[in-house]
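Biologist: I would like to learn how to read a few features of a protein model, and I would be glad if you took them slowly.

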Amino acid sequence: MRLTKMHGLGNNYLFLDGLAEPVPPDDDLPALARAVSDRNFGIGSDGLILVLPPRDPGARFRMRIFNADGSEGEMCGNGIRCLARLVYDRGYTRETEFVVETGAGPIRPRLHLDGNRVTGVTVDMGVPRLERGMIPMAGPAGEQAVEVPLEVEAGGERSVFTVTALSMGNPHCVVFVDDPDAVDLERLGPAFEHHPAFPQRVNTHFTRVLNPERVRVRVWERGSGPTLACGTGACAVAVAGVLTGRTGRRVTVELPGGPLQIEWAGDGHVYMTGPAAYIGDVVYDPH
């Protein structure tokens, strides 16, 4: 099985090109994702992404993402930038803007080129979903969860955090803190991820506002743990910054792997701009 490893700011994924390679049956995909993502016995990655023909006639490609633990996610911001570069570089399209069908709905990436070389990707991530029922998060379905208290039990200790939750096609919880580096991510990350308030689990982002145009974030990704970057999470952080009056609508989100440029534009859509890079091609032999 031929796989390509790519990353967006260190958030790395293995891509199975289903336009050129056979794709295993659905029942086998969670185990395959766990096996190839294992950093000791596999290749090592934050998950597995499939590049597939679309089912939606309005889309050019389809993306499926499986986290390192084998669970299937709806969307991945860093992953879709990499997918957009991959399909362009392999000649599957000469368009620089196209629609990708995802579990979160249609997403539109736009490639930035220097000649024929992709230098970055801007993705229209769509409109954030702010109501609890759409995140999903426990509580009145039509209510927003902006700066609400959340009691979290971790390591036998209970603490109350002020959180802002929303969906970018997948669920996110933003916690504004004075120092993200001081957060015990390995202890608190799983406690947030599996909190009963989030029936589909949640990605969590511990965020410090440096100024109204810049924030710094540490990430705990649902199904993958601590990662160097999270594209949908950076979008969620930017939206939370606006909702709580901490930032403007254009913000640089500093992640451990590097910065992403996020804009919550006047049309209601969130736009994310960042890099997509290759690591290498591998042949995976499960035997």
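Biologist: To begin with the backbone, in which loop is Leu-9 found?

Modeller: This is a predicted model, in which local features need pLDDT of at least 70 and side-chain atom pairs count only at pLDDT 80 or more, while totals for chains, interfaces and linings use all residues. Residues are numbered from 1 along each chain as its sequence is written, and side-chain values use heavy atoms, with hydrogens and water left out. Leu-9 is found in the loop between β1 (2-8) and β2, where strands (E, at least two residues) and helices (H or I, at least four residues) are DSSP runs numbered from the N terminus.

Biologist: What is the sign of phi at Leu-9, and is Leu-9 buried or exposed?

Modeller: Most residues other than glycine have a negative phi, and most peptide bonds are trans. Leu-9, however, has a positive phi near 55 degrees, and it counts as buried because its relative accessibility is 10%, buried being under 20% relative accessible area with a 1.4 Å probe and protein chains only. Arg-201 also has a positive phi, of about 65 degrees, and is found in the loop between α3 (185-193) and β12 (203-211).

Biologist: Which peptide bond is cis, and what is its omega?

Modeller: The bond from Ile-135 to Pro-136 is cis, with omega near -10 degrees, and Pro-136 lies in the loop between β8 (117-124) and β9 (145-154).

Biologist: How should I read the nonpolar core, and which residues touch the most other members of the largest one?

Modeller: In soluble globular proteins, nonpolar side chains tend to be buried together. A nonpolar core is a set of buried Ala, Val, Leu, Ile, Met, Phe, Trp, Tyr and Cys residues joined through side-chain atoms within 4.5 Å. The largest core has 54 residues, of which Phe-15, Leu-255 and Ile-262 touch the most other members; α4 gives the most to this core, with eight residues. Apart from it lies another core, of 22 residues, among them Met-137 and Phe-206.

Biologist: What residues line the largest cavity, and which of them lie nearest its centre?

Modeller: Rolling a probe the size of a water molecule over the atoms shows where empty space is left. On a 1 Å grid over the protein atoms alone, a cavity is a set of points where a 1.4 Å probe fits but cannot get out, and lining residues have an atom within 4 Å of a point. Here 17 residues line the largest cavity, with Asn-67, Met-75, Asn-170, Asn-203 and Glu-221 nearest its centre.

Methods. 1 Å grid on protein atoms, 1.4 Å probe; cavity = no way out; pocket = protein on both sides within 12 Å on 5 of 7 lines; lining within 4 Å. Buried < 20%, exposed > 50% of the residue type's maximum accessible area, 1.4 Å probe, protein only.
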